[in-house]
Amino acid sequence: MNREQKDYILNFLEKGIRFDGRKLDEYRPIKIETGFSENAEGSARVIIGDTIVLAGVKLSVEEPYPDTPDKGTMMINAELMPLSSPDFEPGPPAIQAIEIARVVDRGIRESGSIDTKKLCIKKEEKAWCILIDICTLNDDGNLLDASALAVIAALQDTKMPSYNGKVVDYKKKTKETLPLNLKKIPTSCTVSKIGNHFIVDPVPEEEEKVEARLTVEVEEDGTLCALQKGGDKPLTAEDIDKIVGIGIEKSKELRKFL
Amino acid sequence: MSYTKRNDGRKFDETRPVEAKAGVIKRADGSAYFKMGKTVAYAAVYGPREIHPKFLQNPRKGKLRCFYNMMPFSSMGERVRPGANRRAKEIAMVTEKALLPVVDLTESPNSVVDVFIELPQTDAGTRCAGICAASMALADAGIPMKDMVAAVSIGRVDDKLVVDLDYSEESYEDGTVADIPIAVVSRTGEISLLQMDGELSRDELKQALEMAKKACSKIDKIQRDALKKKYEVKNE
């Protein structure tokens, strides 16, 4: 980004407004559509402004891990599809994709929003394994928050396939849903710092200018369940308190979409 | 047992319902959505842009490069492991060859036009849906083209030739099946993709090509209409 563009975005922020006309703490319009896929056990498309992210859930029956013999498992993978941005290349997940997958994973895991004990079919032998994939369709900024929303929406959309004790019949979906604890389900809000300003939901022009960011994942009662600082510059303790405040406030808004 | 009635009640020369839309991915230079029954393809085009590694540069003309990928949750049953496997690479290659005859990259030497095809949901016929989407995305990106390409799979299910196999027909168990994906260059009627698995007589192949041409001319119209719709000027 050249100097002029940098000043352009900053000049607006000085006036308390974004270059696209939004308030500093304003998300673009959000839309969630569940069930776009008949083949996945659960799926959701999240649209934030022009950013589009898909998430799909597949289920399989596996042997539980030896250290958690009475629990099912969960895995989240993110792919920054090269079709979604000129900056993404084909190949194994880049570090950005790994970060998204891990941060979303942490929020869900640490909040305890999935009752993994209920996923166990037979101790030490069989348990459901939840495989969640995030695929970006159009990157117009804030992929992390969009991905987190998409994963939660896809989990809520999931219907268990029928299982006879030996094989899973994927063609037969039951009415049973995943053991989710709705109060614990986290929402993710990433707050970015540019100069002395704090913004949410940046577009790529703004993301290039972000000096530091903090992703705050919050449960319904305001409990924090995952944090991730990013960006090249540090944050002060005051910054962090302010960001967490914004994150908790915004998470109430985001929760309404679930 | 003869295949007298199609599993989903279609006529033998009827494709599944087709939906097409141009310009669905804003960051791309050109893009399209193409849905055939339950098979969904997105294509995005980037370029002409600089090619890496540099030794791939051709000073005579630009390069067309295609990628094909099924999203991990796209198919019924087990998750598809992400990453390019042998199948995906081969399909990407034949897709490239299917589109090459219509794109003219002589004006963009040393550069590349990348075509990315992604499938969020599959029910057979994915390479054909991918080619249909890619042809539209190239046009949407303003890449110089002599023509458009449409593609459809013709199948022989038991003793019957059918247009646009779905998965239930591809895995028909009461008889043998041949699957013949075919791409047709729309105005010349030339064939730019032809593959087959299964067994087929010489006469059946002739008929299959005729059926593909007819089906592709209908698909071609849907592709063109979708592109026109995007660039339509609305008079107030």
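Start by selecting A:Glu217 and A:Ala226: in this predicted model, A:Glu217 stands opposite A:Ala226, a residue of strand E12 of chain A. Keep the view there and add A:Arg213 and A:Gly230, another facing pair, with A:Gly230 also in E12(A).

Now colour the two strands involved. Strand E11(A) covers residues 212–218, and its pairing with E12(A) is antiparallel, with six bridges. Follow the chain around the turn of this hairpin, where five residues lie between the strands. Pick A:Gly222 and check its backbone torsions: phi is positive here, near 95°.

**The whole sheet of chain A**

Next, widen the selection to four strands. They form an open sheet in the order E10-E9-E11-E12 of chain A, and the pairing is antiparallel. Which strands stand at the edges? They are E10(A), residues 197–200, and E12(A), residues 224–230; each has a single partner strand, so one side of each lacks a neighbour in the sheet. If you look along the sheet, neighbouring strands are turned against each other by 20° on average, with direction ignored.

Then bring in the helices that touch these strands. Select residues 95–111 of chain A to show helix H2(A), which packs on the sheet and touches E9(A) (187–194), E11(A) and E12(A). The direction of H2(A) makes about 160° with that of E12(A). After that, show residues 237–255 of chain A: this is helix H5(A), lying across E9, E10, E11 and E12 of chain A. Measured against your strands in the viewer, the angle to look for is about 140° between H5(A) and E9(A).

**Two helix pairs in chain B**

Move over to chain B, which averages a pLDDT of 96, with 99% of its residues scoring at least 70. Select helix H1(B), residues 86–99, together with helix H2(B), residues 126–140; their axes come within 10 Å and cross at roughly 45°. That angle makes H1(B) oblique to H2(B). The crossing of H1(B) and H2(B) is right-handed.

Show side chains at this crossing. From H1(B), B:Ile91, B:Val94, B:Thr95, B:Ala98 and B:Leu99 take part. On the H2(B) side they meet residues including B:Arg127, B:Ile131 and B:Leu138. Coloured by class, the contact shows seven nonpolar, three polar and one charged residues.

Keep H2(B) and swap the partner for helix H4(B), residues 202–231. Here the axes come within 10 Å and cross at roughly 35°, and the crossing of H2(B) and H4(B) is again a right-handed one. The residues to pick from H2(B) are B:Cys132, B:Ser135, B:Met136, B:Ala139 and B:Asp140, while H4(B) brings B:Ile219, B:Gln223, B:Ala226, B:Leu227 and B:Lys230. By class, the contact of H2(B) with H4(B) has six nonpolar, two polar and two charged residues.

**Where the chains touch**

Finally, show both chains. How many residues does each chain give to the contact? Chain A gives 31 residues and chain B gives 25 residues. On the chain A side, highlight E3(A) (51–62), E4(A) (73–79), E6(A) (126–138) and E8(A) (168–177), each of which supplies at least two residues. That side of chain A divides into 14 nonpolar, nine polar and eight charged residues. As you finish, note the scores of the model: ipTM is 0.93 and pTM is 0.95.

Conventions
Residues numbered from 1 in each chain as written. Chains lettered and ligands numbered in written order. Predicted model: local features only at pLDDT ≥ 70, side-chain atom pairs only at ≥ 80, totals over all residues. Pairing = 2+ DSSP bridges. Axes fitted to C-alpha atoms, helices over the stretch in contact; angles between N-to-C directions. Contact = placed C-beta atoms within 7 Å. Parallel < 35°, antiparallel > 145°, perpendicular 65-115°, else oblique. Left-handed = near helix turned anticlockwise from the far one by under 90°. Nonpolar A, V, L, I, M, F, W, Y, C, P; charged D, E, K, R; others polar. pLDDT = per-residue confidence, 0-100.
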